[in-house]
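These are my notebook entries on a structure that I had not examined before. I set down what I looked up, entry by entry.

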Amino acid sequence: MPNSTPTPPDSSTWMEALADFLLEEPSIEAIRLNPESKRVEMATMGKVDGELLQAKLTEVLRAVDARWLQKTETVPAHSGMLDVQQKDGALVLEKPTCPTAPKFWKWRDFAWPEPDEMEQESDDEWRTLAWQAAICGVALVAGYVFDQPALFAISLIAGGWDAAKDAWANLLEKRLDVHFLMLAVATGAVAIGAWEEGALLLFLFSTSGALEHFVMYRTHKEINALTKSAPKLAHVLLPDGTTEDRGVSGLRVGDVIVVKPDELFPVDGTVISGSTAADESTLTGEAVPITKEKGAPIYGGTLNQWGLVQVRVDRPATQSALAKIITLIQTAQHLRAPSQRFTDRFGTRYTILTLGVVALMFFVWWLGFGIPPFENTAVSKSSFYRAMTLLVVMSPCALVLSIPSAILAAIAWGARRGVLFRGGAAIEKLAEVDVIAMDKTGTLTEGELKVTKIESFPPGRENDVLRIAVSLESNSNHPIARAITQHGQAQGIVAEKLAEFQSISGQGLRGRTEGGLSYVGRRELVKDSALGDVLAGVPDAPMGFSEVWVLHEQIVGRVLLKDEIRAGSRGVLEKLAAEGVRTIMLTGDRRAAAVEVGEKLGIAEVRAGLHPEDKVAVIRELTQAGHKVAMIGDGVNDAPSLAAAYVSVAMGARGSDAALEQSDVVLMQDKIEKLLSARRISQHARRIIQQNLIISLGSVIVMAVASLFGLVPLTLGVLTHEGSTVVVCLNSLRLLFEKE
């Protein structure tokens, strides 16, 4: 089919995305962006988390697509609640404010997202730091061997180059951090002639920095693997039957796109013509292809394996399941864990405290104990030497790296194995859970009804019953209708053409074929008809089954369906019980059906017939009793209880939007077994964080006390402090190589 020139989307499409971003961020007052110069600036007031804002802005701009920004020549004067202006080729969006407020705004530059940019930058950065550390180490060893101060100078420059850049940037913002402390100590060491100790300090510091950035690179690589899977163009079907290639960001809900074999589905949608199989491994990790017939859901970023299909667009690209997952992972990197937030606050104050204590002790040793200020003697070291040693051992480098390095490694491990953590808090909290509440349908069970039996009364006309059911149900989107339609297609049943069709609210469907009038639906349809006496000899559907009745002149029958229990559910519950975790099923289903499932799985407690507010009440009841409760669900009705839980877990990337929005953890592969993987890496990460804190704080306390009494030479102080930093980073890296 021929292609035509793509049409850029309406400016409101991308402007609304930017406006929503601006309105959702209370710390941002205005955005100024120039697509031609690839420049983005944001005006902020007060203290902001620049890394978190960058992650959020990156997703918005990627979705907007710079090509369409450049093609927009005019913009409206106002967009909703914002003032929108064009100034010097740049678009400026501002929140309404008083005339004097802009004087207090602080404009900040933010990176413009480019394909592969984040991964490439982090790759270059850790490699650069590794080379600097290597040069520092080689020059240090050579300096020891040849006893040449010039070689130590090279070592100092190579090891301190990156720290100097960071320290200068922080000083411009009137902040002090560990980079400043390391440079101060190295400079002090040189001042007292301890070139070797200064070079050793910066070698170990630069090595730990390279290790930290390597962890960040691995995390970015996992994110970029998902980003690369997002297609950029779509074949849009036009009214005349031709297609045009259009940017994915320009697709609108209701558009029909054509997807060819071996192409990626551009956005989330529904198959309206054709059949195929989709490889959804990029989204869920599941390697088995999923059959896609008419009416089947499609997810953006998944692969069309063999069929030519037409798909109706159900969501814009920015709201696709893949886009949400990418955003979840990117945002998770910048959401601090509780213990990390503590060390962030503690670290800033501790840096100032360290400088104060060191300055005080210098004068105490000099003026109080009469130790020479700068001259070392055969009996003791100078006051300045002692102060530099104390500064080394008290520097919080290892403490600052102890938690974020472990959190980043755990997020990267989970992303590679289909477990998404929405930040460090989720990782730490999941390990603390002692009660896990689970929804039944879609969590412990497959969530997809399957036809198990067709009955006719009298027997012998089962195929006729199925044909009538398929003919009517193929016009409905209800889950039961999809199950019956798929079963009929598998059996080779061809749906009859309908002359009339009507949906009877709360009862079923009515339709007229060449064979006459037909009804499909609840038992009441038959009960209220002239054939109601048939019901007298037909028992209710067996426990755990759903029934759909078919009525057509002299034909009466029913279709029995059942939601199967997930294969791994029982094993997961047994392992949780062995760990001492109490499990509870919370479901809106009938109690008898819920109890039957609970008994088969061995779940500790079943609470059935619950409305969404009832589930929330149960969660609160358990919380008030002192339990830390995790809630697992996948539907809209689970969202309130997910929000009320200590930790919320959503089943699968194909779960409802409401469930995904409220979740702390997403089990991508739609497998309950992934809960054990998530809990296991959470427990390991928590242990490593505790180990890191013990190592970092323990080394500081022991060496600081020893330094106060002059028992620690500068070389040993450097080895202990920076050695603990390297150990902390290596300890965190172990998480990347954990087996599932």
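**Entry 1. Contacts and overall make-up.** I began with contacts in the protein chain between residues at least 6 apart in sequence, and found that 67% of them join residues at least 24 apart. I note here that the model is a predicted one. I then looked up the secondary structure of the protein chain, which comes to 25 helices and 28 strands. Of the 740 residues in the protein chain, buried residues make up 52%. The chain exposes about 33,400 Å², and carbon and sulfur atoms supply 57% of that area.

**Entry 2. Nonpolar cores.** I asked which residues have the most contacts inside the largest nonpolar core. They are Phe421, Ile436 and Val665, in a core of 49 residues. I followed Ile436 further, leaving aside residues up to four places away in sequence. Ile436 touches Leu576, Val581, Arg582, Thr583, Ile584, Ala630, Ile632 and Leu675. Apart from this core lies another, of 37 residues, and Leu181, Val185, Leu202 and Met703 are among them.

**Entry 3. Salt bridges around Glu455 and Arg558.** I found 23 salt bridges in the structure. I traced a run of them that starts at Lys453, whose side chain meets that of Glu455 at 3.3 Å, N to O. Lys453 is partly exposed, with a relative accessible area of 45%, whereas Glu455 is buried, at 15%. Glu455 also forms a salt bridge with Arg558, at 2.6 Å, N to O. This pair links distant parts of the chain, for Glu455 is in strand S18 (residues 445-457) and Arg558 in strand S23 (residues 555-565), 103 residues apart.

I then asked whether Arg558 is buried or exposed. Arg558 is buried, because its relative accessible area of 3% is under the 20% limit for that class. Both Glu455 and Arg558 are thus entered as buried. Arg558 has a further salt bridge, with Glu547, at 2.7 Å, N to O. Here too the pair links distant parts of the chain: Glu547 is in strand S22 (residues 545-552) and Arg558 in strand S23, eleven residues apart.

I add a separate network of salt bridges to this entry: Glu428, Glu432, Lys628 and Arg686 are linked in it.

**Entry 4. Aromatic pairs in helix H10.** My search of the whole structure for aromatic pairs gave six. Phe362 and Phe363 form one that is edge-to-face, with 5.3 Å from centre to centre and 75° between the planes. Phe362 counts as buried, at 12% relative accessibility, while Phe363 counts as partly exposed, at 43%. Phe362 pairs with Phe384 as well, again edge-to-face, at 6.3 Å centre to centre and 90° between the planes. Phe362 lies in helix H10 and Phe384 in helix H11 (residues 383-394), so this pair ties together parts that are 22 residues apart in sequence. Phe362 and Phe384 are both buried. Ring pairs link Phe362, Phe363, Trp366 and Phe384 into a cluster.

I also looked up Ala359, which has its place in helix H10 (residues 338-368). Ala359 is partly exposed, with a relative accessible area of 36%. The C-alpha atoms of Ala359 and Phe384 are separated by 9.3 Å, and the two residues are 25 apart along the chain.

**Entry 5. Strand S9 and its partners.** I asked which residues of strand S9 (residues 256-259) are buried on each side. Val256 and Val258 are buried on one side, and Ile257 and Val259 on the other, and both faces of the strand are covered. In general, side chains in a regular strand alternate between the two faces of the sheet. S9 pairs with strand S7 (residues 233-237) in the antiparallel sense over two bridges, and Val236 stands opposite Ile257 there. S9 also pairs with strand S15 (residues 309-313), antiparallel over four bridges, with Val258 opposite Gln310.

**Entry 6. A sheet of three strands.** Last, I looked at an open sheet with the order S12-S11-S14 and antiparallel pairing. Why is one side of S12 and of S14 left without a neighbour in the sheet? Strand S12 (290-292) and strand S14 (303-304) stand at the edges, and each has a single partner strand. Strand S11 (residues 276-279) pairs with S14 over two bridges. I recorded Asn304 in S14 as the bridge partner of Ala278.

Definitions and conventions: Residues are numbered from 1 along each chain as its sequence is written. This is a predicted model: local features need pLDDT of at least 70, side-chain atom pairs count only at pLDDT 80 or more; totals for chains, interfaces and linings use all residues. Side-chain values use heavy atoms; hydrogens and water are left out. A nonpolar core is a set of buried Ala, Val, Leu, Ile, Met, Phe, Trp, Tyr and Cys residues joined through side-chain atoms within 4.5 Å. Buried means under 20% relative accessible area, exposed over 50%, partly exposed in between (1.4 Å probe, protein chains only). Contact means heavy atoms within 4.5 Å. Two strands pair if DSSP finds at least two bridges between them. A salt bridge is a side-chain nitrogen of Lys or Arg within 4 Å of a carboxyl oxygen of Asp or Glu. Accessible areas come from the Shrake-Rupley method with a 1.4 Å probe; for residues, only the protein chains shown count as cover. Rings of Phe, Tyr and Trp (its six-membered ring) pair if their centres lie within 6.5 Å; planes under 30 degrees apart count as stacked, over 60 as edge-to-face and the rest as tilted.
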